[in-house]
Amino acid sequence: MATAVAASSFVSRSYGHEVASGLNSKASQMKFRCMKHSGLRSLNIIDDLQVKTMASKLATSRQAGRNGFRSQNGPSLMIVCGVGLNILFVGTEVAPWSKTGGLGDVLGGLPPALAANGHRVMTIAPRYDQYKDAWDTDVVIELKVGDKIEKVRFFHCHKRGVDRVFVDHPWFLAKVWGKTQSKIYGPRTGEDYQDNQLRFSLLCQAALEAPRILNLNSNKYFSGPYGEDVVFVANDWHTSLIPCYLKTMYKPKGMYKSAKVVFCIHNIAYQGRFAFEDFGLLNLPAQFKSSFDFIDGYNKPVRGRKINWMKAGILESDMVLTVSPHYAQELVSGEDKGVELDNIIRKTGIKGIVNGMDVQEWNPLTDKYIGVKYDASTVMDAKPLLKEALQAEVGLPVDRNIPVIGFIGRLEEQKGSDILAAAIPHFIKENVQIIVLVSITIRNYSTLYTFIMT
């Protein structure tokens with residue numbers, strides 16, 4: 001199990017290579033296509049860079065042929081899946097369907113990499129919108145959530161070797177429809193939906209049913225339900241109830257006997273702290289109260305004794321992971337970095353796995369958002385051209401010799417915004433350009449806002 005999940009350094013492998021044909025005959029006709037620099041500069045020269053890039057692709061293709069791989073136009077390499085696991089990722093975001101941060105990226109990019117390594121992989125996330133590529137499975141189940149029975153439907157699509165399953169219920173779709181980017185957790189930034197505990201309890205229960213009842217046959221290597229011999233990868237506090245429900249609803253009945261739960265922490269700052277009396281909403285036996293029991297000095301949502309979903313997820317899961325070895329060390333280094341869960345994590349242990357990237361999504365040879373395509377052999381030629389295009393796009397003087405410093409992220413202390421605010425006055429005195437792409441709340445970051453605007 002640990003070996004399979006450790007594949008989350010998810011640089012996916014590609015077994016096909018595009019063959020560039022007619023390279024020499026077309027080279028003289030290629031023109032450089034790049035954004036015009038707002039009247040500052042327009043390039044119209046023979047694209048030597050593009051020729052070099054295509055030549056590199058051709059060489060790669062030939063080498064792949066010598067190694068026994070096929071081109072994309074020929075038969076693809078068959079993956080033998082005799083030792084694969086059934087892995088189910090459960091989370092509130094899955095890119096590109098829903099995303100507010102890194103959690104969505106991981107559930108979007110890691111599963112295809114694991115599927116390429118021979119595992120059968122499913123993601124389970126809420127259906128926040130009318131996703132045009134996900135179809136109704138016609139499977140409807142009833143779940144007890146709080147003191148009511150709720151009906152849930154499942155939608156499904158198969159992409160890049162992964163079964164993408166979406167849980168359909170008005171608590172997800174009616175709240176967020178058409179506004180997925182900012183409405184997943186609350187009506188506005190900093191405010192949560194009052195029924196989030198019920199929403200995510202429903203998600204956890206639906207996730208536990210999905211591998212048993214969904215008969216999925218879209219993958220030519222696998223068919224039928226996933227069954228009960230599975231590994232659930234629960235992500236962040238919203239999915240913390242999975243190990244609890246597994247232990248109380250299924251295993252006592254002889255179901256999911258060999259199933260395991262891996263709990264992955266993406267952001268320790270968000271833990272799912274609620275009033276202690278809300279434990280009754282979760283429909284769990286009293287024996288789990290100690291796993292949720294938590295006391296802090298904050299008034300939100302109430303002062304003193306609370307329940308803490310993430311604490312329970314950490315204690316009740318079979319293994320605890322996080323998104324990098326360094327972050328794993330941080331979480332146990334003290335109360336501030338572990339946000340008061342450091343002692344719990346030290347008790348269970350935690351493994352940090354090097355984060356990765358989806359090299360199909362972030363491929364500069366195919367990226368439609370950049371004017372100059374490049375690979376490892378042409379990056380040094382492409383970089384100054386792309387830099388000039390960026391300078392022109394944001395209205396800065398176009399000069400490839402001026403250093404450009406960029407920051408992309410939320411303006412939170414966890415992302416280093418306090419360091420950024422302190423550094424900008426010093427950097428701005430030098431011959432540099434600073435570009436900051438953020439989601440900004442002016443009342444909280446007026447100083448930084450002034451730096452950016454001036």
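Both F200 and W237 are buried in this predicted model. Their ring centres lie 5.5 Å apart and their planes meet at 85 degrees, so the pair is edge-to-face. The contact links distant parts of the chain. F200 belongs to helix α6 (residues 196-213), whereas W237 sits in the loop between β6 (231-235) and α7. The two residues are 37 residues apart. Ring pairs extend this arrangement into a cluster of Y185, F200, W237, F274 and W309.

Across the whole structure, a search finds 11 aromatic pairs. One of them joins Y131 and F166; the ring centres are 5.0 Å apart and the planes stand at 55 degrees, so the pair is tilted. This pair, too, links distant parts of the chain. Y131 lies in the loop between β2 (120-126) and β3 (135-145). F166 lies in strand β5 (residues 162-168), and 35 residues separate the two. Y131 counts as buried because its relative accessibility, 9%, is under the 20% cut-off. F166 has a relative accessible area of 1% and is likewise buried.

An open sheet of 9 strands runs in the order β3-β4-β5-β2-β1-β6-β7-β11-β12. Its pairing is mixed. The edges are formed by β3 and β12 (351-352). Each has a single partner strand, so one side of each is left without a neighbour in the sheet. Within the sheet, strand β1 (residues 86-90) pairs with β2 in the parallel sense, over 5 bridges. F89 stands opposite T123 in β2.

Helix α4 packs on this sheet. The helix touches β1, β2, β5 and β6, and its direction makes about 140 degrees with that of β5. L110 is part of α4 (residues 102-116). With 5% relative accessibility, L110 counts as buried. Between L110 and V121 the C-alpha to C-alpha distance is 9.9 Å, for a separation of 11 residues in sequence.

Helix α7 also contacts strands, lying across β1, β6 and β7 (260-265). Its direction is at about 165 degrees to β7. In addition, α7 (residues 241-250) packs with helix α9 (residues 309-316). The helix axes are 7 Å apart, at an angle of about 55 degrees. This value falls between the roughly parallel range, under 35 degrees, and the roughly perpendicular range, 65 to 115, so the two helices are oblique to each other. From α7, the residues in contact are L241, P243, C244 and K247. From α9, they are W309, A312, G313 and E316. By class, the contact has 5 nonpolar, 1 polar and 2 charged residues. W309 is also a member of the aromatic cluster that includes F200 and W237.

A further strand pair is formed by β9 and β10 (residues 304-308). The pairing is antiparallel and spans 4 bridges. F294 in β9 has K306 in β10 as its bridge partner. In a regular strand the side chains alternate between the two faces of the sheet. Strand β9 (residues 293-296) shows such alternation. F294 and D296 point to one face and are buried. D293 and I295 point to the other face and are not buried.

Methods: Residues are numbered from 1 along each chain as its sequence is written. This is a predicted model: local features need pLDDT of at least 70, side-chain atom pairs count only at pLDDT 80 or more; totals for chains, interfaces and linings use all residues. Side-chain values use heavy atoms; hydrogens and water are left out. Buried means under 20% relative accessible area, exposed over 50%, partly exposed in between (1.4 Å probe, protein chains only). Two strands pair if DSSP finds at least two bridges between them. Axes are lines fitted to C-alpha atoms, for helices over the stretch in contact, and angles run from 0 to 180 degrees between N-to-C directions. Angles under 35 degrees count as roughly parallel, over 145 as roughly antiparallel, 65 to 115 as roughly perpendicular and the rest as oblique. Contact means heavy atoms within 4.5 Å. Ala, Val, Leu, Ile, Met, Phe, Trp, Tyr, Cys and Pro count as nonpolar, Asp, Glu, Lys and Arg as charged, and the others, Gly among them, as polar. Rings of Phe, Tyr and Trp (its six-membered ring) pair if their centres lie within 6.5 Å; planes under 30 degrees apart count as stacked, over 60 as edge-to-face and the rest as tilted.
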